[in-house]
Amino acid sequence: MAYAGLVVVGVLLASAVRLEARHETESPSTLETAEFMKDVKQECRNATGDDRAFKDLVAIMNSDTPRCFMQHVNMSYLQAPIDEMSMAEQSKLLGGICGQLEKAVVCIDPVVDAIKPCMDDEDDMQILTKIVDTVPEAIKMICNNSGAMLLELREPLSRSCAVELAPAIDDCMDVLSNSTMTMDLKNYTLTECNEIYKMRDCLDRKIRDCGALTYLELFGLFYRNLLSITPCKMVAQEG
């Protein structure tokens, strides 16, 4: 199992935090310093023979991607005092933000292109493709019900929780054994699937501890879609 998909999810979270931070002083990229990025660096080195691909990836994550999001998402929309607006004004504003987010999906394309040279097997590409394909679904989920989830994600608690998600992923990935990480997804048995479930429970617990429960719905969406490319659901039914 590759770490490439985590980079895509992490980039989305990091970009969202930077957009919401607006004029606040930005801290160093949590994603870049995440423990799993060391594994990404090693995977890039193993696949390409040097660190150039990884350096290109980091440069895109730190510069191109945030700039792309800034170009697609109107900052004045994010800064608007939405609590002071009428329901009609809120609906119009959130509709505008959602439309811009849908267009901003293209901002992850350079990240995907940059990490592809670091991927050396079919499972890696399958995981990455599934995560990228899930992003539009996630935006639709965020924008449903008149943007109720989007409103929650604007709250300070959600922003601070987003910063904590990268290290949370690090911690929860530790429950996966080396054999599970290297085994072909199609060969997973109950043993490997149980480790996947433990990782899910770990991240679920950390999100609940953080307090921004909105992320549970988003995590559940990505988790279910990723689980669909493993035999784990069938294995659980047989067990």
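A disulfide is taken here as a pair of cysteine sulfur atoms within 2.5 Å. The views below come from a predicted model.

**View 1. The disulfide between Cys68 and Cys107 joins a helix to a loop.** The sulfur atoms of Cys68 and Cys107 are 2.0 Å apart, and the two residues are joined as a disulfide. The link of Cys68 and Cys107 is left-handed, with -80 degrees about the S-S bond. Cys68 belongs to helix H3 (residues 52-72), whereas Cys107 sits in the loop between helix H5 (87-104) and helix H6 (109-115), so the pair ties together parts that are 39 residues apart in sequence. Because buried means under 20% relative accessible area, Cys68 counts as buried at 15% relative accessibility, and Cys107 is likewise buried, with a relative accessible area of 1%.

**View 2. The disulfide between Cys98 and Cys143 connects helices H5 and H7.** Cys98 and Cys143 form a disulfide in which the sulfur atoms are 2.0 Å apart. The angle about the S-S bond is -110 degrees, and the link of Cys98 and Cys143 is left-handed. Since Cys98 lies in helix H5 and Cys143 in helix H7 (residues 122-153), the pair ties together parts that are 45 residues apart in sequence. Both Cys98 and Cys143 are buried.

**View 3. Helices H5 and H7 cross in a right-handed manner.** The axes of H5 and H7 come within 9 Å of each other and cross at roughly 160 degrees, which makes H5 roughly antiparallel to H7. On the H5 side, the residues that meet H7 are Gln90, Leu94, Ile97, Cys98, Leu101 and Glu102. Their counterparts in H7 are Ile139, Cys143, Ser146, Gly147, Leu150 and Leu151. Cys98 and Cys143, which are joined as a disulfide, are thus both listed among the residues through which H5 and H7 meet.

**View 4. The disulfide between Cys161 and Cys210 links distant parts of the chain.** Cys161 and Cys210 form a disulfide, with their sulfur atoms 2.2 Å apart. Cys161 is found in helix H8 (residues 156-173) and Cys210 in helix H10 (residues 190-210), and the two cysteines are 49 residues apart. Cys161 counts as buried at 1% relative accessibility, and Cys210 also counts as buried, at 14% relative accessibility.

**View 5. The cysteine pairing can be followed along the whole protein chain.** A search of the whole structure finds 6 disulfides, among them the link of Cys68 to Cys107, that of Cys98 to Cys143 and that of Cys161 to Cys210. When the bonded cysteines are counted along the chain, the disulfides follow the pattern 1-5, 2-4, 3-6, 7-11, 8-10, 9-12.

**View 6. Phe219 and Tyr223 form a tilted aromatic pair.** The structure holds 1 aromatic pair, in which the rings of Phe219 and Tyr223 are 5.9 Å apart from centre to centre, with 40 degrees between the planes. Both residues lie in helix H11 (residues 214-227), where Phe219 and Tyr223 are 4 residues apart, about one turn of the helix. Phe219 counts as buried at 19% relative accessibility, and Tyr223 counts as buried at 12% relative accessibility.

Technical notes
Residues are numbered from 1 along each chain as its sequence is written. This is a predicted model: local features need pLDDT of at least 70, side-chain atom pairs count only at pLDDT 80 or more; totals for chains, interfaces and linings use all residues. Side-chain values use heavy atoms; hydrogens and water are left out. Buried means under 20% relative accessible area, exposed over 50%, partly exposed in between (1.4 Å probe, protein chains only). Rings of Phe, Tyr and Trp (its six-membered ring) pair if their centres lie within 6.5 Å; planes under 30 degrees apart count as stacked, over 60 as edge-to-face and the rest as tilted. Axes are lines fitted to C-alpha atoms, for helices over the stretch in contact, and angles run from 0 to 180 degrees between N-to-C directions. Angles under 35 degrees count as roughly parallel, over 145 as roughly antiparallel, 65 to 115 as roughly perpendicular and the rest as oblique. A crossing is left-handed if the near helix is turned anticlockwise from the far one by less than a right angle, and right-handed if clockwise. Contact means heavy atoms within 4.5 Å.
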